[in-house]
Amino acid sequence: MARGGQGLARVAVVVRSGAAPLWWVGVFAAGIGVLVPGMTGRRIGVLAGAALFLITAAVVTLVRRKRYAALARGAARAGKYDVLQDRAVTVRTWRRGHRWWLLLAFAVAFGSSFAVPAAGGMLLAGAGAGLRLKAAWLGRRERAEGTLLWVRVDWLDRRGGGPAGRAVKGLRGTGLAAGDAAPGGTRRRSAALV
């Protein structure tokens, strides 16, 4: 990065990076867990899991929203020498950094099925759904303001997450056409690339 430029990762992409792994790990754990009768029985386990899914999705969607909004309001324009990180690199960094946590979460969710079938897996799936909803909220905000939000890569935690963590002192903004991800962190259609 020449002349003091910074490596920047899209905030919505970092948030969205965990959505699919958590969703699929949760669905897989719940699917296997429902085969185990458990101490409470399948019916109670699935009902408890559905409640946990909804509560977890709502909490994950809403947590730290004020912090994201405050950082977005104070976003500075990205500099000429800032390097925009590709979506695939951001996703890969997050997933590599969290792979052992995901494996541990699957083991705990599956293990909990012997007490309450499917509930742990549905909780994980709810966390994945919440992250996707949060990324969608960020995308709506980016479209409304006409600015994509970026965070310095060196301010992310060592696992590639935490785009609104304590280390993040501010965000950078670019136009909507910058980078290879659409508002909300989804993959940009190839026709829209400039």
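In which helix does L138 lie? The residue belongs to helix α6, and it offers a convenient point of entry into this predicted model. Before its surroundings are described, the chain as a whole deserves a short introduction.

The chain contains six helices and five strands. Read from the N terminus, these elements follow the order β-α-α-α-α-β-β-α-α-β-β. Along the principal axes, the C-alpha atoms occupy a box of roughly 60 × 35 × 30 Å. The chain has 194 residues, and 47% of them count as buried. Among contacts in the chain with a separation of 6 or more, 86% are between residues 24 or more positions apart.

The surface and the charges complete this overview. The accessible surface of the chain amounts to about 10300 Å², and carbon and sulfur atoms contribute 65% of that area. There are 31 positive and 7 negative side chains in the chain. The centres of these two sets are 8 Å apart.

The account now returns to helix α6, where L138 is found. Because its relative accessible area is 2%, and buried means under 20%, L138 is classed as buried. When residues up to four places away in sequence are set aside, L138 touches V11, A12, V15 and Y68. One of these partners, V11, is separated from L138 by 127 residues in sequence, yet the two C-alpha atoms are 8.3 Å apart in space.

Y68 also appears among the contacts of another residue, A164. The position of A164 is in the loop between β4 (148–152) and β5 (172–174). With a relative accessibility of 2%, A164 counts as buried. Apart from neighbours within four places in sequence, A164 makes contact with R64, R67, Y68 and L71. A further reference point is R16, which is 148 residues from A164 along the chain, with 13 Å between the two C-alpha atoms.

R64, one of the contacts of A164, merits attention for its backbone. R64 is not a glycine, but its phi is positive, at about 65°. R64 is placed in the loop between α3 (42–62) and α4 (65–73). Its relative accessible area of 41% makes R64 partly exposed.

A second residue with a backbone angle of this kind is A118. A118 has a positive phi of about 70°, although it is not a glycine either. The loop between α5 and α6 (119–145) holds A118. Here the relative accessibility is 2%, and A118 is therefore counted as buried.

Which residues do ring pairs link into a cluster? The members are F28, F106, F110 and F114. The chain has four aromatic pairs in total. In one of them, the ring centres of F28 and F106 are 5.6 Å apart and the planes meet at 20°, so this pair is stacked. Because F28 belongs to helix α2 (residues 19–33) and F106 to helix α5 (residues 87–112), the pair ties together parts of the chain that are 78 residues apart in sequence. F28 has a relative accessibility of 51% and therefore counts as exposed. In another pair, the rings of F110 and F114 have centres 5.5 Å apart and planes at 80°, so their arrangement is edge-to-face. Both members of this second pair can also be described by their accessibility. F110 is partly exposed at a relative accessible area of 26%, and F114 is partly exposed at 48%.

A ring also takes part in an arrangement with a charge. The charged end of R10 is positioned over the ring of W150, at 5.7 Å from the ring centre.

Helix α5 also contains T93. T93 is partly exposed, its relative accessible area being 37%. Residues up to four places away in sequence aside, T93 touches R159 and G160. A50 lies 43 residues from T93 in sequence, and the C-alpha atoms of these two residues are 31 Å apart in space.

Methods
Residues numbered from 1 in each chain as written. Heavy atoms only, no water. Helix = DSSP H or I, 4+ residues; strand = E, 2+ residues; numbered from the N terminus. Buried < 20%, exposed > 50% of the residue type's maximum accessible area, 1.4 Å probe, protein only. Contact = heavy atoms within 4.5 Å. Areas by Shrake-Rupley, 256 points an atom, 1.4 Å probe, with all protein chains shown as cover. Lys, Arg positive; Asp, Glu negative; His and termini not counted. Charge placed at Lys NZ, Arg CZ, Asp CG, Glu CD. Phe/Tyr/Trp six-rings, centres within 6.5 Å; stacked < 30°, edge-to-face > 60°. Lys NZ or Arg CZ within 6 Å of the ring centre and 35° of its normal.
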